[in-house]
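Got the viewer open? Let's take a walk around this one, one selection at a time.

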Amino acid sequence: MMHNITLIYGDGIGKEVIASAKEIIDYSGADINWDIVEAGYSAQERYGTPLPDHVTDSIKKNRIALKGPVTTPIGKGFRSVNVALRKQLNLFANVRPIKSYDGVDSIHKNVDFVIVRENTEDLYSGVEHMVGEDAAESIKIITRKASERICRFAFNLARKENRKKVTLVHKANIMKLSDGLFLNSGIKCSKEYEDIQFEDMIVDAMSMKLVQSPQDYSVIVAPNLYGDILSDLSAGLIGGLGLAPGANIGENIAVFEPVHGSAPDIAGKNIANPTSAILSGIMLLKYIGEVNRAETIEKALKEIFKDKAKCTEDLGGSLGTREFTQEIINQMKG
Ligand code: NAD
């Protein structure tokens with residue numbers, strides 16, 4: 001079956017890592033018609049906006065996208081394309097699997113949990129203003145509707161993937177109303193899923209426990225900001241940002257993208273690790289029902305990880321992005 005999928009290379013290393021993921025997905029034999037559109041800096045230059053309407057129209061039409069990271073100017077310039085996309089397409093769940101692989105040097109082994117991050121509100125609502133010249137306020141928005149929706153999503157994911165526990169992260173001891181509402185929504189939903197264990201954890205304690213014993217966790221559900229921070233922390237536990245994939249999921253639309261950003265420090269040097277983009281591609285293939293092809297790619301990746309000579313620099317090897325991609329394809333051939 002042919003699948004129409006929107007492809008956005010994005011900025012910086014996006015061009016390199018998404019090219020790698022596309023090449024590998026194409027080699028797997030999946031029948032995909034890529035609808036290639038531009039977002040980010042290049043779109044800003046060409047169309048005067050970093051997120052032209054035809055990009056969101058393409059995703060709405062195809063319902064599936066593979067996207068590279070997009071640079072967001074800090075403290076000035078255009079607002080985050082990622083936040084805008086997630087809001088416009090109502091991609092309310094950000095799903096980030098954190099899994100350790102044999103052969104990859106990492107702080108922890110046998111790690112396998114999923115972070116489910118609420119994607120549409122919290123401090124990312126962008127409601128900020130100056131109070132006079134010397135103070136600024138950002139408004140944290142948490143609603144019952146979005147909180148219950150993300151908690152149910154986390155419990156359903158746990159059931160689907162045969163995971164036994166959901167841990168809800170909050171800071172309700174301090175933000176009694178906003179985080180309190182998120183916590184109470186989780187407690188309410190947990191009653192509907194008595195087959196799944198439920199616990200809650202204050203975000204600072206969670207950070208320490210993840211560093212000490214990440215094997216204790218299976219599904220973590222968090223409001224937007226804590227989910228964002230814990231995702232990068234967790235990527236650090238299993239070998240770095242080059243290994244962490246992600247998906248933004250809405251009612252009928254899914255956008256798959258690596259957790260990492262556009263990494264301007266290494267862009268254009270053929271040294272970025274494309275694994276995170278490839279693993280995002282594997283999630284995409286599973287989502288569209290191409291499970292066998294997804295597993296073929298993952299199997300090849302696992303074999304490559306066992307031999308550092310076939311890996312990129314961040315994994316202890318010396319191969320470039322393109323050469324690493326070729327090794328994976330050679331492994332798939334084998
Ligand atoms: P980053 O994730 O781009 O980079 C952090 C560090 O990790 C850098 O040292 C980088 O070299 C390294 N790194 C990241 N991905 C790597 C890979 N695949 N292989 C090897 N090393 C890798 O974070 P940043 O520097 O804070 O952000 C850069 C830009 O990306 C910013 O404009 C930010 O807003 C944007 N960003 C976009 C997204 C997205 O589009 N989803 C996500 C995060 C950050």
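Here is a tour of two pockets, a surface patch and a pair of loop residues. Bear in mind that you are looking at a predicted model.

**Stop one: the largest pocket**

Select T72, S80, N82, V83 and Y124. The largest pocket has a volume of about 1000 Å³, and of the 37 residues lining it, those five are the closest to its centre. Now colour α4 (81-88) and α8 (224-237), the elements that give two or more residues to this lining. Of these, α4 gives the most, with five residues. What is the mix of nonpolar, polar and charged residues in the lining of the largest pocket? Colour by class and you'll find 13 nonpolar, 13 polar and 11 charged.

**Stop two: the second largest pocket**

Clear that and pick V95, P97, L157, E161 and M283. They lie nearest the centre of the second largest pocket, which is lined by 28 residues and has a volume of about 780 Å³. Several elements give two or more residues to this lining: the strands β4 (93-99), β5 (112-118) and β11 (247-249), plus the helices α5 (144-160) and α9 (275-287). Which element provides the largest share of the lining? That's α9, with five residues. Try the class colouring here too: the lining of the second largest pocket has 18 nonpolar, two polar and eight charged residues.

**Stop three: a patch on the outside**

Switch on the surface and select V127, I139 and I141. These form a nonpolar patch there, with about 190 Å² of accessible area together. Zoom in on I139, in the loop between β7 (136-138) and α5. I139 counts as partly exposed because its relative accessibility is 33%, between the 20% and 50% cut-offs.

**Stop four: two positive phi angles**

Go to R63, in the loop between α3 (53-62) and β3 (64-67). Check its backbone: R63 isn't a glycine, yet its phi is positive, about 70°. Is R63 buried, partly exposed or exposed? At 40% relative accessibility, R63 is partly exposed.

Finally, jump to N162, in the loop between α5 and β8 (165-170). Here again is a residue other than glycine with a positive phi, this time about 55°. N162 has 56% relative accessibility, so it counts as exposed, the cut-off for that being over 50%.

Key:
Residues are numbered from 1 along each chain as its sequence is written. This is a predicted model: local features need pLDDT of at least 70, side-chain atom pairs count only at pLDDT 80 or more; totals for chains, interfaces and linings use all residues. Side-chain values use heavy atoms; hydrogens and water are left out. On a 1 Å grid over the protein atoms alone, a cavity is a set of points where a 1.4 Å probe fits but cannot get out, and a pocket is an open set with protein on both sides within 12 Å along at least five of seven lines; lining residues have an atom within 4 Å of a point. Grid points are joined across faces, edges and corners, and a volume is the space filled by probe spheres set on the points. Helices (H or I, at least four residues) and strands (E, at least two) are DSSP runs, numbered from the N terminus. Ala, Val, Leu, Ile, Met, Phe, Trp, Tyr, Cys and Pro count as nonpolar, Asp, Glu, Lys and Arg as charged, and the others, Gly among them, as polar. Patches are made of residues with over 30% relative accessible area and no salt bridge: like charges are joined within 9 Å, nonpolar side chains (Val, Leu, Ile, Met, Phe, Trp, Tyr) within 5 Å. Accessible areas come from the Shrake-Rupley method with a 1.4 Å probe; for residues, only the protein chains shown count as cover. A salt bridge is a side-chain nitrogen of Lys or Arg within 4 Å of a carboxyl oxygen of Asp or Glu. Buried means under 20% relative accessible area, exposed over 50%, partly exposed in between (1.4 Å probe, protein chains only).
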